[in-house]
Amino acid sequence: MDPDSPIFPITLLDSVGSTNDEALAAGRAGAPHGWAVAARTQTAGRGRRGHVWESPRGNLYLSVVLRPQVEPSRLPGLAAACGLGVADVLRSAQLKWPNDLLAEGRKLAGILVEASRDNTGATFAVCGLGVNVERAPRELGAICLAELGDARSFSALAEALRPGIVTRVDAWAAADGRRPLDGIRDDYLSRLCWLGEKVRVLAADDGAELAHGTFETVDSWGRAVVGGVAYAAEQASLRPA
């Protein structure tokens, strides 16, 4: 975060329906860049494409209002910038295209970025983050920070993640370029799992296998390139072969 910017205390809640819903409401009412809310549990958490996000007590659910001043063509890169900010704080984590974080090959955290407009018509976004701190859903093959020896408290972790995300987003927004990953692509690739390995490409809507091949790169538009074919995050997800 800009050292000259005011520090807004994170709103800390015990339980909430969805921290993203809280942050979206705050953003629509004019909450500034960097405003954040964190909860110990959610009763209506959600992931990408409307999937239910399990939100047991003992983990961290954090949402941050973001107002990057970028061209609309660059906005699809916001999730990657947020992912790098989280990875800067969770040093044991690798990025999984397009929006999860893994540790030891298992899911540690997930990110959901949602855009909206405030009451003046200005565009803003919310970065929602769920981190497995003390518990991890075994049926999903997940892992938690406690298993990795990271004993940071709920509030300390939230206070570290908020500036981590905002700092990365600010640097991304200030970079030259018009494509989504301009200014962060090399760093993003350096933290990405499965590059150069065989993967399966699964359809985003029904999980059907679309292709399998070598995960070659993520291009400047944020698309995963597998077997010479580029896939957008809205189309597909990847799994190890």
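# Notebook: strands, loops and a few odd torsions

I opened with the β6 and β7 hairpin, which has five residues between its strands, and G121 in the turn shows a positive phi of about 95°. Helices and strands here are DSSP runs numbered from the N terminus (helices are H or I with at least four residues, strands are E with at least two). I count two strands as paired if DSSP finds at least two bridges between them.

A note to self on provenance: this is a predicted model, where local features need pLDDT of at least 70, side-chain atom pairs count only at pLDDT 80 or more, and totals for chains, interfaces and linings use all residues. Residues are numbered from 1 along each chain as its sequence is written, and side-chain values use heavy atoms, with hydrogens and water left out.

**Entry 1: around β7**

I stayed with the hairpin and looked up its ladder: β6 and β7 pair in the antiparallel sense over nine bridges. One of the pairs I noted is V113 with its bridge partner C127 in β7. Strand β3 (residues 60-66) also pairs with β7, again in the antiparallel sense, over seven bridges. There, L66 has A125 of β7 as its bridge partner.

Is β7 enclosed or open? Eight of the nine residues of this strand (residues 123-131) are buried, so β7 is largely enclosed by the rest of the structure. My cut-offs are relative accessible areas with a 1.4 Å probe, protein chains only: buried is under 20%, exposed is over 50%, and partly exposed is in between.

From β3 I picked out Y61. Y61 counts as buried at 2% relative accessibility. I also checked Y61 against S18: they are 43 residues apart along the chain, and their C-alpha atoms are separated by 8.5 Å.

**Entry 2: β1, α1 and β2**

Next I went to the N-terminal part of the list. Strand β1 (residues 11-16) and strand β2 (residues 36-42) run parallel and are joined by five bridges. V16 has Q42 in β2 as its bridge partner. With helix α1 (residues 19-28), the two strands make a right-handed β-α-β unit. Right-handed means that, with the strands pointing away from the viewer, the path from the first strand over the helix to the second runs clockwise.

T11 belongs to β1, and T11 is partly exposed, with a relative accessible area of 30%. Which residues does T11 touch, leaving aside its neighbours within four places in sequence? I found W35, A36, V37 and A38, with contact meaning heavy atoms within 4.5 Å. For a long-range check I took T11 and R138, which are 127 residues apart in sequence and 30 Å apart in space, C-alpha to C-alpha.

**Entry 3: backbone oddities**

I then went through the torsions. W97 and P98 are joined by a cis peptide bond, with omega about 0°. P98 sits in the loop between β4 (94-96) and β5 (100-103).

Two non-glycine residues with positive phi went into my notes. E104, in the loop between β5 and β6 (106-117), has phi near 55°. W194, in the loop between α4 (185-190) and β8 (198-203), has phi near 75°. Which of these is buried, and which exposed? E104 is exposed at 64% relative accessibility, whereas W194 is buried at 15%.

**Entry 4: rings and charges**

I searched for aromatic pairs and got zero. The criterion takes rings of Phe, Tyr and Trp (its six-membered ring) whose centres lie within 6.5 Å; planes under 30 degrees apart count as stacked, over 60 as edge-to-face and the rest as tilted.

A charge over a ring did turn up: R40 lies over the face of F154, at 4.2 Å from the ring centre. Here the test is NZ of Lys or CZ of Arg within 6 Å of the ring centre and within 35 degrees of the ring normal.

**Entry 5: the whole chain**

Last, the overall numbers. The protein chain has four helices and twelve strands, and its C-alpha trace spans about 45 × 40 × 30 Å along the principal axes. The radius of gyration is 17 Å, which agrees with the value near 18 Å for a compact globule of 241 residues. I take that radius over C-alpha atoms, and the globule rule is 2.2 Å times the number of residues to the power 0.38.

Buried residues make up 51% of the 241. Of the contacts between residues at least 6 apart in sequence, 65% join residues at least 24 apart.
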